[in-house]
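Please look over the following chain with its fold in view. The report below describes how its interior is packed, how one helix is oriented and where charged side chains pair.

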Amino acid sequence: MAERLKVHVDPDKCQGHARCNALAPELFELDEYGNAHETGDGTVPPGLEDKAWLAKSNCPEIAIDVIEE
Ligand code: SF4
């Protein structure tokens, strides 16, 4: 069975570069200040796992967690 992933943005660390949203717009939404939060409850739809890891590795603030369930 494929792993199920969730993404989570730490709002205390996020500085609003919006890279995550540029790389994975399905997984991250931006608020009016450009700070990101995960879409819905953060569940990564099948097929978007690579984007979740890509966003995590490209966040300059290390604000993104990818949780394997
Ligand atoms: S890339 Fe990181 S710091 Fe930038 S908006 Fe996304 S979570 Fe926030």
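In what follows, a residue is called buried when its relative accessible area is under 20%, exposed when that area is over 50%, and partly exposed in between, as computed with a 1.4 Å probe on protein chains only. Helices (H or I, at least four residues) and strands (E, at least two) are DSSP runs, numbered from the N terminus. This is a predicted model, in which local features need pLDDT of at least 70 and side-chain atom pairs count only at pLDDT 80 or more, whereas totals for chains, interfaces and linings use all residues. Residues are numbered from 1 along each chain as its sequence is written, and side-chain values use heavy atoms, with hydrogens and water left out.

**Helix α2**

The buried residues of helix α2 are E49, A52 and A55. Seen down the axis of α2, these residues fall within an arc of 125°, so they line one face of the helix; the arc is that of the directions from the helix axis to the C-beta atoms. The face of α2 turned away from this buried side carries the exposed residues D50 and S57. Among the elements that cover the buried residues of α2 are β1, α1, β2 (28-30) and β4, where contact means heavy atoms within 4.5 Å.

E49, which belongs to helix α2, is a charged residue in a buried place: Lys and Arg count as positive and Asp and Glu as negative, while His and the chain ends are not counted. Which side chain of opposite charge is nearest to E49? It is R4, at 9.3 Å, and E49 has no salt bridge although it is buried. The side chain of E49 does, however, reach the backbone nitrogen of G47 at 2.9 Å. Leaving aside neighbours within four places in sequence, E49 is in contact with E3, L5 and V44.

**The nonpolar core**

A nonpolar core is a set of buried Ala, Val, Leu, Ile, Met, Phe, Trp, Tyr and Cys residues joined through side-chain atoms within 4.5 Å. The largest such core has 17 residues, and those with the most contacts inside it are V7, L27, F28, V44 and I64. At least two residues of this core come from each of β1 (5-9), α2 (49-58) and β4 (64-68), and β1 gives the most, with three residues.

F28 lies in strand β2 and is buried, with a relative accessible area of 1%. Beyond its neighbours within four places in sequence, F28 is in contact with V7, V9, C20, N21, H37, E38, T39, A55 and I64. C20, in helix α1 (residues 19-23), is also buried, at a relative accessible area of 9%. With neighbours within four places in sequence again left aside, C20 is in contact with P25, F28, A36, A55 and I64. On the same basis, the contacts of I64 are H8, V9, C20, F28, A55, K56 and C59. C20 and L54 are 34 residues apart in sequence, yet their C-alpha atoms are 8.3 Å apart in space.

**Two residues with positive phi**

Most residues other than glycine have a negative phi. A18, in the loop between β1 and α1, has a positive phi of about 65° although it is not a glycine, and at 25% relative accessibility A18 counts as partly exposed. I62, in the loop between α2 and β4, likewise has a positive phi, of about 50°, and counts as exposed at 64% relative accessibility.

**Salt bridges**

A salt bridge is a side-chain nitrogen of Lys or Arg within 4 Å of a carboxyl oxygen of Asp or Glu, and by this rule the count comes to three.

| Salt bridge | Closest N to O |
|---|---|
| E69 and R4 | 2.7 Å |
| K6 and D41 | 3.7 Å |
| E26 and K51 | 2.9 Å |

E69 and R4 link distant parts of the chain, with E69 in the segment after β4 and R4 in the segment before β1, 65 residues apart. E69 counts as exposed at 51% relative accessibility, whereas R4 is partly exposed, with a relative accessible area of 42%. K6 in strand β1 and D41 in the loop between β3 (36-38) and α2 are 35 residues apart, and K6 is partly exposed at 21%. E26 in the loop between α1 and β2 and K51 in helix α2 are 25 residues apart; E26 is partly exposed at 37% relative accessibility, and K51 is partly exposed at 27%.

How values were computed:
A polar contact is a pair of N or O atoms within 3.5 Å; within protein, one must be able to donate a hydrogen and the other to accept it, and residues adjacent in sequence count only if both atoms are side-chain atoms.
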